[in-house]
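The exercises below concern enclosed space and the surroundings of chosen residues. Work through each task before reading its solution.

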Amino acid sequence: MAYVISDDCISCGACAAECPVGAISEGGDKFVIDADACIECGACEGVCPVGAPAQG
């Protein structure tokens, strides 16, 4: 199951920079993950300072 970003996101962009497939982009009030592009590698989860990304 693809990763999702919770409302805890502080829009720092660390996750987007780490995503190897470019599945993460800046949304309206937080970053979002394209579920179709996500390869479920967990790289985003490891770099987020607030733990916002998690498997959906």
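The structure is a predicted model.

**Exercise 1. State the volume of the second largest cavity and describe its lining.**

Solution.
1. Volume: the second largest cavity holds about 60 Å³.
2. Lining: 14 residues surround the second largest cavity, and those nearest its centre are Cys 9, Ile 10, Cys 12, Cys 15 and Cys 48.
3. Classes: the lining of the second largest cavity comprises 12 nonpolar and 2 polar residues, with no charged residues.

**Exercise 2. Give the number of cavities of 30 Å³ or more, then characterise the largest cavity.**

Solution.
1. Count: there are 2 cavities of 30 Å³ or more.
2. Volume: the largest cavity contains about 70 Å³ of space.
3. Lining: the residues around the largest cavity are Tyr 3, Cys 19, Pro 20, Ile 24, Ile 33, Cys 38, Ile 39, Glu 40, Cys 41, Gly 42, Ala 43 and Cys 44.
4. Classes: this lining divides into 10 nonpolar residues, 1 polar and 1 charged. Asp, Glu, Lys and Arg count as charged, and Glu 40 is among the lining residues of the largest cavity.

**Exercise 3. Decide whether Lys 30 is buried or exposed, and find the polar partners of its side chain.**

Solution.
1. Position: Lys 30 sits in the loop that runs between strand E2 (24–26) and strand E3 (31–33).
2. Accessibility: the cut-off for buried is under 20% relative accessible area. Lys 30 has 18% relative accessibility and therefore counts as buried.
3. Backbone partner: the Lys 30 side chain reaches the backbone oxygen of Ile 5 at 2.8 Å.
4. Side-chain partner: a polar contact of 3.1 Å joins the side chains of Lys 30 and Asp 7.
5. Contacts: leaving out residues up to four places away in sequence, Lys 30 touches Ile 5, Ser 6, Asp 7, Cys 9 and Ser 11. Ile 5 and Asp 7 thus appear in this list as well as in the polar pairs of the Lys 30 side chain.

**Exercise 4. Locate Gly 56, assign its exposure class and list its contacts.**

Solution.
1. Position: Gly 56 belongs to the segment after strand E4 (53–55).
2. Accessibility: partly exposed covers the range between under 20% and over 50%. Gly 56 counts as partly exposed because its relative accessibility is 48%.
3. Contacts: not counting residues up to four places away in sequence, Gly 56 touches Met 1, Ala 2, Tyr 3 and Val 4.
4. Distance: 13 Å separates the C-alpha atoms of Gly 56 and Cys 41, which are 15 residues apart along the chain.

How values were computed: Residues are numbered from 1 along each chain as its sequence is written. This is a predicted model: local features need pLDDT of at least 70, side-chain atom pairs count only at pLDDT 80 or more; totals for chains, interfaces and linings use all residues. Side-chain values use heavy atoms; hydrogens and water are left out. On a 1 Å grid over the protein atoms alone, a cavity is a set of points where a 1.4 Å probe fits but cannot get out, and a pocket is an open set with protein on both sides within 12 Å along at least five of seven lines; lining residues have an atom within 4 Å of a point. Grid points are joined across faces, edges and corners, and a volume is the space filled by probe spheres set on the points. Helices (H or I, at least four residues) and strands (E, at least two) are DSSP runs, numbered from the N terminus. Buried means under 20% relative accessible area, exposed over 50%, partly exposed in between (1.4 Å probe, protein chains only). Contact means heavy atoms within 4.5 Å. A polar contact is a pair of N or O atoms within 3.5 Å; within protein, one must be able to donate a hydrogen and the other to accept it, and residues adjacent in sequence count only if both atoms are side-chain atoms.
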